[in-house]
2 protein chains.
Amino acid sequence: MTESKKAVVLVSGGLDSATVLAMVKSRGFDCYALAIDYGQRHRSELDAAARVAEANRAHLKVLSLDLRAIGGSALTDDIDVPEEETPGIPVTYVPARNTILLSLALAWAEVLGSDDIFIGVNAVDYSGYPDCRPEYIKAYQQMARLATQSGVEGGNVTIHTPLIDMTKAEIIKQGNKLGVDYSLTVSCYQADSEGHACGVCDSCRIRKEGFRAAATPDPTCYV
Amino acid sequence: MTESKKAVVLVSGGLDSATVLAMVKSRGFDCYALAIDYGQRHRSELDAAARVAEANRAHLKVLSLDLRAIGGSALTDDIDVPEEETPGIPVTYVPARNTILLSLALAWAEVLGSDDIFIGVNAVDYSGYPDCRPEYIKAYQQMARLATQSGVEGGNVTIHTPLIDMTKAEIIKQGNKLGVDYSLTVSCYQADSEGHACGVCDSCRIRKEGFRAAATPDPTCYV
């Protein structure tokens, strides 16, 4: 029996990363799920991340890094989460978040001897965050191949973004095929401690519309 | 009176970043020093970072991120620090460390409205770490310009590496000109809690040889 290839999968506890984890597992990878407790307002997504990792029998690591000490976002600072659409990049954008998350994943991947990092970014039904765009991911990968010992020794770190071109409805349909239980997930930016969603923030609106467009029941618990 | 431009300077408490901080201050920047408590074996370098920041009247932020949870290095895991030169990339290499440090600096710079990040990497008298090389820094900067809201809005984040082509002796001479007090700094990978240096690790050897080559007294306290 050959050993499965290892993959590091960033999990937030939300719908997208739960789908990615199921996709990676279905491809036969041994999954190492990385969740970051960055002081996010919606703490219950960390509980969701643990549920999602368990459902996929992934190895879970939760790292703590208090980004509230840096602030600058409605998710990490005293800024209200908008409850209707706003023009431009919304205040829920967390400065350099994906760059930080990918860097921690890169470190773990190197220690595990893995070249495969998965992140559930999406550039279709998304909030316009700069660090979800394909050109950013491409540049990150180029940097990552120069950053590490494994890169110097010929490794080819790859940042996989299987959802990047999918609509939210397509993501949900894909997850349904793989048996993802979306009732385990929390997407809301201001979910309460039990994970009940507000239904009106950007993340809730995109998710709700996704279930509608996928013509599948929405298992989200709203407040 | 015009406001000074802000710069984020990564400080470790070592000789190189102390020199960078003095250089940045001498260029008239308002300095924001960022030190990361990543669970490093040589804890006293964090005290040194605070001393160096104070001596330069820099704003200091210390962020905690326990990289021992990832491990894979003599600085963050149960691996001995080598006491003589070893071939290849030494075990003191911390996977993706500079990528992680720069990412936190990038986040802080964005919140401060700064485009200028300084890091004291050096590719001459160094330990061969992949994330100290000019091609890595260049790729990081390209990625950083795509990563952030300020980048999207036309900002030009720059990763400054003023020491990258200097010998250790040149760095020390530059610091002497700027009045850097190197007795405040700790470079040793296994310094004791008072900052006494072992004198035999890679970092100590390079530093000691630097003072010799600069023909300047070595103020390091050895055990």
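**Exercise 1.** Work out how much of chain A's contact set is long-range in sequence.

*Solution.* Start with the rule: two residues are in contact if their C-beta atoms, placed from the backbone, lie within 7 Å. Next, keep the contacts with a separation of 6 or more; in chain A, residues 24 or more positions apart account for 70% of these. Bear in mind that this is a predicted model, where local features need pLDDT of at least 70, side-chain atom pairs count only at pLDDT 80 or more, and totals for chains, interfaces and linings use all residues. Residues are numbered from 1 along each chain as its sequence is written, while chains are lettered from A and ligands numbered from 1 in the order in which they are written.

**Exercise 2.** Lay out the secondary structure of chain A in order.

*Solution.* Take helices (H or I, at least four residues) and strands (E, at least two) as DSSP runs, numbered from the N terminus. Chain A then has seven helices and five strands. Reading along the sequence gives β-α-β-α-β-α-β-α-α-β-α-α.

**Exercise 3.** Place A:Asp116 in the fold, and decide whether A:Asp116 is buried or exposed.

*Solution.* First, find the element: A:Asp116 sits in strand S4, residues 116–118. Second, count neighbours: A:Asp116 has 20 other C-beta atoms within 10 Å, so it's buried (buried means 20 or more such atoms within 10 Å, exposed 12 or fewer, partly exposed in between, with C-beta atoms placed from the backbone). Third, list its partners: leaving out residues up to four places away in sequence, A:Asp116 touches A:Lys5, A:Ala7, A:Phe29, A:Thr158 and A:His160.
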